Amino acid sequence: MAETNENNNSASSVFSTGDNPPATSITAPANGATVSGTVNVNATASDDVAVTSLEIDIDGSSQTAKANSSSLAYSWNTTQTFNGQHTIVSKAGDGAGHTTTSAPVTVTVSNIVTAHGLYVITPCRLIDTRNPVGPFGGPSLPSGLTRNVQAGGQCGVAADATAVAVNIAVVAPAAGGYVTVYPGPINTQRPLASTINYSTGRTLANNAVVRIGPDGTINIFNAGADLNFVVDVTGYFK
């Protein structure tokens, strides 16, 4: 009997490693969130050896997948689907053949569409030239020059949008002048009408609907003084 117990104890100390299933979760958006426009969907995964596959599914359909990665991101254009509840999960696999599906994240899509096809979105700052130099920041715009800015696919605007509803503000210019906002690309002929007229030292704003060019951009032309300006998007048409 003593010999049998010794064998049993020896067997119980033997174990295998590297065969546990992976863990995965959706980290954004939050469960229960109400979303509109373009939404960033993020997933993460981990495994005791290595994650070999990671996938994001929405309503049971795979949207994007990546091999040998512990993180994955997907830009979801919610205007291409119906308003209401949708379920998002991630799926992760490992080299041992295990597959894990995350806890579901349920969100409510709420894109407001008017009778004229306007999709109302949470106001978003498209460009602010007071910020550091970059595609959506500085520098300020000298008189007689045009700034070309990507609008389609930015700030929750659909990539195939045809126009945007914007609020443009000019910030305390040193002299009077005007700004014209019009469709891209950069070489598009500028219309004669102004979008906002400004005067010395005054910060002013105006609302406008601007067509988006075939390349997804809009142009901002300045005539007057070296100018800092801000453009906020409030909706888009398609």
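**Exercise 1. Strand 14 and its partners**

Task: In this predicted model, find which residue of strand 17 stands opposite Val181, then work out which strands pair with strand 14 and in which sense.

Solution:
- Step 1. Start at Val181 and look across to strand 17: the residue standing opposite is Ile220.
- Step 2. Now take the two strands as a whole. Strand 17 covers residues 217–223, and 6 bridges join it to strand 14 in an antiparallel arrangement.
- Step 3. Move to Val179, which faces Ile196 of strand 15. Strand 15 spans residues 196–198 and pairs with strand 14 over 3 bridges, again in the antiparallel sense.
- Step 4. Check how covered strand 14 is. Of its 7 residues, 177–183, 6 are buried, so "mostly covered" is a fair description given the limit of under 20% relative accessible area.

**Exercise 2. A buried threonine**

Task: Decide whether Thr24 is buried or exposed, and find what its side chain touches through polar atoms.

Solution:
- Step 1. Locate the residue: Thr24 sits in strand 1, which runs over residues 23–28.
- Step 2. Read its accessibility. The relative accessible area of Thr24 is 13%, and therefore Thr24 counts as buried, the limit being under 20%.
- Step 3. Look for polar partners. A polar atom of the Thr24 side chain lies 2.8 Å from the backbone oxygen of Thr44. The side chains of Thr24 and Ser90 are also joined by a polar contact of 2.8 Å.
- Step 4. Widen the view to residues beyond four places in sequence. Contacts of Thr24 there include Ala45, Leu54, Ala92 and Thr101.

**Exercise 3. An arginine without a salt bridge**

Task: Find which side chain of opposite charge is nearest to Arg147, and how far away it is.

Solution:
- Step 1. Place the residue: Arg147 belongs to strand 12, residues 146–150.
- Step 2. Search for the opposite charge. The nearest such side chain is that of Asp128, 9.2 Å away. A salt bridge needs the charged atoms within 4 Å, so Arg147, though buried, has none.
- Step 3. Look for another polar partner. The Arg147 side chain reaches the backbone oxygen of Pro135 at 3.4 Å.

**Exercise 4. Three prolines in loops**

Task: Find which peptide bonds leading into Pro29 and Pro185 are cis or trans, then describe the surroundings of Pro214.

Solution:
- Step 1. Go to the loop between strand 1 and strand 2, where Pro29 lies. The bond from Ala28 to Pro29 is cis, with omega near 0°.
- Step 2. Continue to Pro185, in the loop between strand 14 and strand 15. The bond from Gly184 to Pro185 is cis too, with omega near 5°.
- Step 3. Step across to Pro214, in the loop between strand 16 and strand 17. Setting aside neighbours within four places in sequence, Pro214 contacts Gly184 and Pro185.
- Step 4. Finish with accessibility: Pro214 has a relative accessible area of 82%, so Pro214 is exposed.

**Exercise 5. Positive phi outside glycine**

Task: Compare where Asp59 and Asn68 sit, and say how accessible each one is.

Solution:
- Step 1. Note the backbone angle. Asp59 has a positive phi of about 55° without being a glycine, and Asn68 likewise has a positive phi of about 55°.
- Step 2. Find the loops. Asp59 lies between strand 4 and strand 5, while Asn68 lies between strand 5 and strand 6.
- Step 3. Assign accessibility. At 42%, Asp59 is partly exposed, whereas Asn68, at 62%, is exposed.

Terms used:
Residues are numbered from 1 along each chain as its sequence is written. This is a predicted model: local features need pLDDT of at least 70, side-chain atom pairs count only at pLDDT 80 or more; totals for chains, interfaces and linings use all residues. Side-chain values use heavy atoms; hydrogens and water are left out. Buried means under 20% relative accessible area, exposed over 50%, partly exposed in between (1.4 Å probe, protein chains only). Helices (H or I, at least four residues) and strands (E, at least two) are DSSP runs, numbered from the N terminus. Two strands pair if DSSP finds at least two bridges between them. Lys and Arg count as positive and Asp and Glu as negative; His and the chain ends are not counted. A polar contact is a pair of N or O atoms within 3.5 Å; within protein, one must be able to donate a hydrogen and the other to accept it, and residues adjacent in sequence count only if both atoms are side-chain atoms. Contact means heavy atoms within 4.5 Å.
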